[in-house]
Amino acid sequence: MPSPKSRSGGRYEFMSLSRSPAAPGSPVAAAAALQRQGSGSESSATARLRAADSPTRRRGSGSSNASTSSTGASPMPEEDCMRLNPSLLGIAFSSLLAVDLWLSKRLGVCACEDSSWGSVRPIMKLVEVSGHGIPWLLGAAYCLYKSDSAAGQEVMLNLLMALVLDLVLVGIVKALVRRRRPAHNRMDMFASFSVDRYSFPSGHATRAAMCARFLLAHLVLAAPLRVLVLLWAAFVGFSRVLLGRHNVTDVAFGFFMGYCQYNLVEALWLSPVMLQSMIGQLE
């Protein structure tokens, strides 16, 4: 192919096809070497691509990937291992929950009128009212108003404070836990509030346990009356399961919580002198 060599006098001189190759150091030789180098690299890249696309190469790469995945597989996450191998504590908790639900359903014999003990449901509802917070609050406030002695006023004042504290603590725990009431429960309770749609713990059980300890500690009662107070507290808690209002664990924890609440009331005990000083500071 003719290529321009030089220009002299307005004319181009063409290199003959029959001329010998250009000298090694000439620009033409350098351009030809670069062209050969590019074509050689292109041909080698094409050959490598063809070798990679061959069936033998694909089979080999597939087997190598399979062997890598089988031998070098990443370990399972820790969460998956825990799900596949549950702890002994989780199994015990699930078993306790299942037994609790089963036993609560079996003991809910007064949950509705069609139940096996549906005829005694009105009596159970009277027991429910006897452990409700509103009658206790009204009764404590009335006794505080009618009391003539300083000792009586002190006792009634702290009982009123204990009842308010019980309502607040039970409401907080119910709002945090949010355990639904049993499925066989009928929502026909006396004066229910927003948190009463939750089941854990039983507010009647906490109130019965706390008030029983309070009355036994601060009222002078004969032995039959002391036994009657204890039986009333136990019957209030048991009636919650019979009516289908709560599960067994709700009532059991309610008794424990009410027992501990009395210790808190004793620690926060208010005397008339302390109350008058607090009122004076507020004024």
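Good morning. A residue is called buried when its relative accessible area is under 20%, and exposed when that area is over 50%. I shall rely on these cut-offs throughout, and I note that the model under discussion is a predicted one.

Lys 174 has a relative accessible area of 4%, so it counts as buried. Its partner is Asp 196: the two form a salt bridge in which the closest N and O atoms are 3.8 Å apart. Asp 196 lies in the loop between H7 and H8 while Lys 174 belongs to helix H7, so the pair ties together parts that are 22 residues apart in sequence. Asp 196 is also buried, at 15% relative accessible area.

Asp 196 leads us to the largest pocket, which has a volume of about 320 Å³. Its lining comprises 22 residues, and those closest to the pocket centre are His 132, Leu 167, Phe 193, Asp 196 and Arg 207. Which helix gives the most to this lining? The answer is H7, with four residues. Helices H6 (133-146), H7 (150-177) and H8 (203-218) each supply at least two. By character, the lining residues divide into nine nonpolar, seven polar and six charged.

Let me turn to the other salt bridges; the structure holds eight in total. Asp 250 pairs with Arg 179, with 2.9 Å between the closest N and O atoms. This pair links distant parts of the chain, since Asp 250 sits in helix H10 (residues 248-267) and Arg 179 in the loop between H7 and H8, 71 residues apart. Asp 250 is buried, with a relative accessible area of 0%, and Arg 179 is buried as well, at 17%. Salt bridges with shared partners join Asp 100, Arg 179 and Asp 250 into one network.

A further salt bridge joins the side chains of Arg 121 and Glu 113, at 4.0 Å from N to O. Is each partner buried or partly exposed? Arg 121 is at 3% relative accessibility and therefore counts as buried, whereas Glu 113, at 48%, is partly exposed.

Finally, two backbone features deserve mention. Arg 178, in the loop between H7 and H8, has a phi near 60°, a positive value in a residue other than glycine. Its relative accessibility is 54%, so Arg 178 counts as exposed. Pro 201 also lies in the loop between H7 and H8, and the peptide bond leading to it from Phe 200 is cis, with omega near -5°. Thank you.

Methods. Residues numbered from 1 in each chain as written. Predicted model: local features only at pLDDT ≥ 70, side-chain atom pairs only at ≥ 80, totals over all residues. Heavy atoms only, no water. 1 Å grid on protein atoms, 1.4 Å probe; cavity = no way out; pocket = protein on both sides within 12 Å on 5 of 7 lines; lining within 4 Å. Points joined across faces, edges and corners; volume = space filled by probe spheres on them. Nonpolar A, V, L, I, M, F, W, Y, C, P; charged D, E, K, R; others polar. Buried < 20%, exposed > 50% of the residue type's maximum accessible area, 1.4 Å probe, protein only.
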